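Thank you all for coming; I would like to take a few minutes to walk through charged pairs, cysteines and a pocket. Please have the structure open as I speak.

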Amino acid sequence: MLIFDAVEAINHGVKPSGKVSSVSDPRIPTLLKALFFYNPLKEHQEIRLIDIFPANDLDSPIHCSVLHVNLLRPCHYEALSYVWGDPQIGDEIDIDGQRFPITKNLGKALRQIRRPTAKTRLWADAICINQEDPKERSCQVSLMSRIYRSASRVTVFL
């Protein structure tokens, strides 16, 4: 796992691609979102973040909640850039009491990022963007550069 400060990464030329393919990988099964209900985003600059609840044990189940924030208002969060890996659903998290299937690689990344005693506020594309809604996906992809620039820290998980 590599961790970069977002400002430092941008100053060194690290830029998110902003390509639709980075978040709409057709290999990810439709089932991935079928079990989860997304509350719609209401504003153009609005995004979803997750608060990952703390756990001491790396193998503990991941529990989190979703919140909506406007990028035009200051908000402290981290962003995750990672390799989607094997598209097969290999892990599962709990978001606001709902099951949410994720890839094994995303599960590994979330476990590494999770803190033992405090919530971790995070943006991760596969969770925070409704991949089944083409209009939302397109809008969110257009915001990705700003999402990464606005993050207090960007974690790159390879």
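By a salt bridge I mean a side-chain nitrogen of Lys or Arg within 4 Å of a carboxyl oxygen of Asp or Glu. Please keep in mind that this is a predicted model. With that criterion, E78, R115 and R153 are linked in a network of salt bridges, and the structure holds six salt bridges.

Within that network, the side chains of R153 and E78 meet at 3.5 Å, N to O, and this pair links distant parts of the chain, with R153 in strand β8 and E78 in strand β4, 75 residues apart. R153 is partly exposed, at 31% relative accessibility, whereas E78 counts as buried, at 3%.

A further salt bridge joins R48 to E136, with the closest N and O atoms 2.6 Å apart; R48 sits in strand β2 and E136 in helix α5, 88 residues apart, and both R48 and E136 are buried.

E136 also brings us to the second largest pocket, since it is named among the lining residues closest to the centre, together with L41, D133, K135 and C139. That pocket has a volume of about 190 Å³, and its lining divides into four nonpolar, three polar and six charged residues, with helix α5 giving the largest share, four residues.

Finally, how many disulfides does the structure hold? The structure holds zero; for C64, the nearest cysteine sulfur, that of C128, is 8.6 Å away, and C64 is buried, with a relative accessible area of 2%.

Key
Residues numbered from 1 in each chain as written. Predicted model: local features only at pLDDT ≥ 70, side-chain atom pairs only at ≥ 80, totals over all residues. Heavy atoms only, no water. 1 Å grid on protein atoms, 1.4 Å probe; cavity = no way out; pocket = protein on both sides within 12 Å on 5 of 7 lines; lining within 4 Å. Points joined across faces, edges and corners; volume = space filled by probe spheres on them. Helix = DSSP H or I, 4+ residues; strand = E, 2+ residues; numbered from the N terminus. Nonpolar A, V, L, I, M, F, W, Y, C, P; charged D, E, K, R; others polar. Disulfide = S-S within 2.5 Å. Buried < 20%, exposed > 50% of the residue type's maximum accessible area, 1.4 Å probe, protein only.
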